[in-house]
Amino acid sequence: MIHLRHVLTVIALAASAESALAADLNPQLNAIRNISREGGGNEAAAAAVRTLSSSSAGDLPKILAAFEDASPLAVNYLRNVVEAVADRHATDGTIPAEELETFITTKSNDPRARRLAFEVLSRVDSTAADRLIPGMLLDPSPEFRRDAVQRLISEARSLGDDAGKKAIEVYRRALSGATDTDLVKEISKALKDRGEDVDLVSHFGFLTDWRIVGPFDNHDFIGFDTAYSPEEKLDFAAKLTAKEGEVAWGEVTTSDEFGIIDIAKSIAPHKGAVMYLAASYESAGPRHVEFRFGTPNAWKLWVNGKFLFGRDEYHRGMAIDQYRVPTELQTGKNVILLKLCQNEQTDDWAQRYQIQIRVCDPSGVAVLPVKPKAAATSDAGSPKQQVKRLTARTEGASR
Amino acid sequence: MIALKMNSVRQLILLSAVVLSATGVTGADWLQFRGNDVSGVSLASEIPATWSATENIAWKIDLPGRGLSGPIVIGDRVVVTASSGFRQDRLHVLSFDRASGDKVWERQFWATGRTMTHAKMCVATPTPASDGTRIFAFFSSNDVVCLDLDGNLQWLRGLTHDFPNASNSLGMASSPIVIGDTLIVQVENDAESFATGLDTSNGKSRWKKVRPKKANWSSPTSFQNGDAEPLALLQSSAGIEAVDSHSGETVWKFGDGASTIPSSVVTGDSLLVPSNGLTALRLGVQLADDVKSPEVLWNDNRLAPGTASPIVVNGKVFVINRAGVLQAADVNTGSVLWKLRLKGPFSATPVAAGNHLIFFNEEGGAQVVDISGAEGAIVGENSVGETILCTPAIADNEMFVRSDGHLWKIAK
């Protein structure tokens, strides 16, 4: 009897401790959210993790809510707390399934927090995926969207080759939510095999029409840190002094379905060179976007005259979304300036001089300009023409 | 008084490191890439020369993601990292019961740095490290996560989050090591290249050094000379830079270049560097004030390792070249003693258990070579049937190896 009373006392104390913690998680959550660069606040965050890890399962929605606007590092601390709490309560029946589902289906909540909530819910509810994933096709969370797309691909496959229009309709729906390259390629092939056209340039939001000028000097890598005249002033009518004499702005466009602008092939296989590319992008309103691009060359990016990022790396591979540069677009015209550098390596594998660049939201969904094609210039000619106007020197080299 | 106390604690930790270094792997643990003393050798261990699905495989378990990182062993736990997701941006740290293979815990994180890698690599390429009480998991995204042995987060760093141009589009592979109370991490690439010594208690940088701007996948090693502060030996295309592990102060440099893939190995008072083939440096002497580089003992350009790092056992250095030829050479002179062709190609660094060297090739074939005689002899050929790129771990008479999909314990 005494033993039982002790047990009850311990349970009551434990419940009381959880209750006290639940009363105000904010100091601990703030300690985590306040971590800064280079390990700043790590000790306080770790102490907060220790305290929060003893939270009740009922606190999970509040901990998940703290993901909102938290830094990527703070999110990882918070994730650890959620995992620890979920581990402790996985089998005691206290995981708040209903609240978690509400959190998941509230699409304004942080995408990663919603995904983590789904993972916790799925531990105690094996039907959650079948119930929730089909509605995630256009979700802000890339992981949810991927799951939904994969279900539709499976559905289309299961219809068989004779399904015709029905399969096309399912594949089209799948494509509407797909942003991962592997899935987009699979869907695109399935549609093309069925005689359908697929516009991947628009699907991904690749920018295909550019003004271009160069080459400027990049021997011994000097070009990356040298501010040539386009960095000082963008004057498309000006004659510029470059590596091999005077040059003028020309135009380049690509019809590659993945938006690759291949300078080496369509202009000239310049080595030890810097080319500048410029484009305008009409935005319907102010909005947060990401410029995502792939290139095996060194680069710098400016939008509306503001330097965003640069990377001094050559020939370490190229892939869609290799780099992600977040920025804010302004209403109306936005001017994009890109500096693309080629080194002097002679190896066969070091000859690529190309880039593909797109504009999308943080989840990877294309953000298209107001005009269907972001014209490089107002006097742009045929979009199918590879190189429409370049300097005489460059034109000669391209023949 | 406080300073004295802190210094005493540090000395105690350093002494532990020295003891480990002097005696080699204790047999019970395998705490980092190539083991506790970064040698890859466990002389007291005896691993079966042959195994199959029905023989000498204690357990085989599924892993949730890819990984080139080797397992580490801490007491009764085996810890492995993995990465998953279309973008390889989900980072996993998993702890398994060493006896049963049962998963004890798993923690996941989202990558905060870039996750693009060469198709052969993945984000979980560097092998984690441990000081015996904490786990330090490092990923190609340059995320560093410190957990206690129960999976409780101690601290984390996002080194690309802090230094946004620190990345490599082919992936990062250098495995960190623990020296005393400092975690040595090389984040070396074509753009923002550095090495740093992180305080193991809170993840803050004790030091950060600018390093050559060139992609580098080699891993650091350590050397202890008498009572001096242990040195972290940082390899790069420029050569070797020896730094005080606690302060980061450069002690000496070897500037004759080195490979950016296979890593150096310390044996006694020598360092064998994959440089112009293989170059032996004398470490165990105090350099005069006007001498900035250690003496070169010997060099042999025929002993160039491929991807796998050299390993030293009983006075011989063993090097596997790009053609899959194993060469044994006298560690004091560099004289080649014998050669043996193996079935490659190899990414995994071999490990030694007793008189056996164990080589996993990329197809998952394991060749066990007896090195006790005048010539090497293959005494066992096995296959796990999956791609193996990691360096295995040995603890007591057990070996642990992982693929992208599985973790095996090989033991009688």
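This is a short tour of a predicted model, going from chain A to the place where chain B touches chain A.

**Chain A as a whole**

Select chain A and show it as a cartoon. Chain A holds 15 helices and 13 strands. Next, colour its 399 residues by burial; 41% of them are buried. Among the contacts in chain A with a separation of 6 or more, 74% are between residues 24 or more positions apart.

**A sheet in chain A**

Now select strands 5, 12, 7 and 10 of chain A. These four strands form an open sheet in the order 5-12-7-10, with antiparallel pairing. Which strands are at the edges? They are strand 5 (261-262) and strand 10 (323-329) of chain A, and each pairs on one side only.

Keep strand 10 of chain A on screen and add strand 7 of chain A, residues 287-294. The two run antiparallel and are joined by seven bridges. To look at one place along this pair, select Phe291(A) in chain A; opposite Phe291(A) stands Val325(A), in strand 10 of chain A.

**Where chain B touches chain A**

Bring chain B into view. How many residues of chain B are in contact with chain A? There are 28, and they meet 29 residues of chain A. On the chain B side, select strand 6 (103-110), strand 10 (153-158) and helix 2 (159-162) of chain B, the elements that give two or more residues to this side. Strand 10 of chain B provides the largest share, six residues. Finally, colour the chain B side by residue type: 10 residues are nonpolar, 13 polar and five charged.

Notes: Residues numbered from 1 in each chain as written. Chains lettered and ligands numbered in written order. Predicted model: local features only at pLDDT ≥ 70, side-chain atom pairs only at ≥ 80, totals over all residues. Pairing = 2+ DSSP bridges. Buried ≥ 20, exposed ≤ 12 C-beta atoms within 10 Å, placed from the backbone. Contact = placed C-beta atoms within 7 Å. Nonpolar A, V, L, I, M, F, W, Y, C, P; charged D, E, K, R; others polar.
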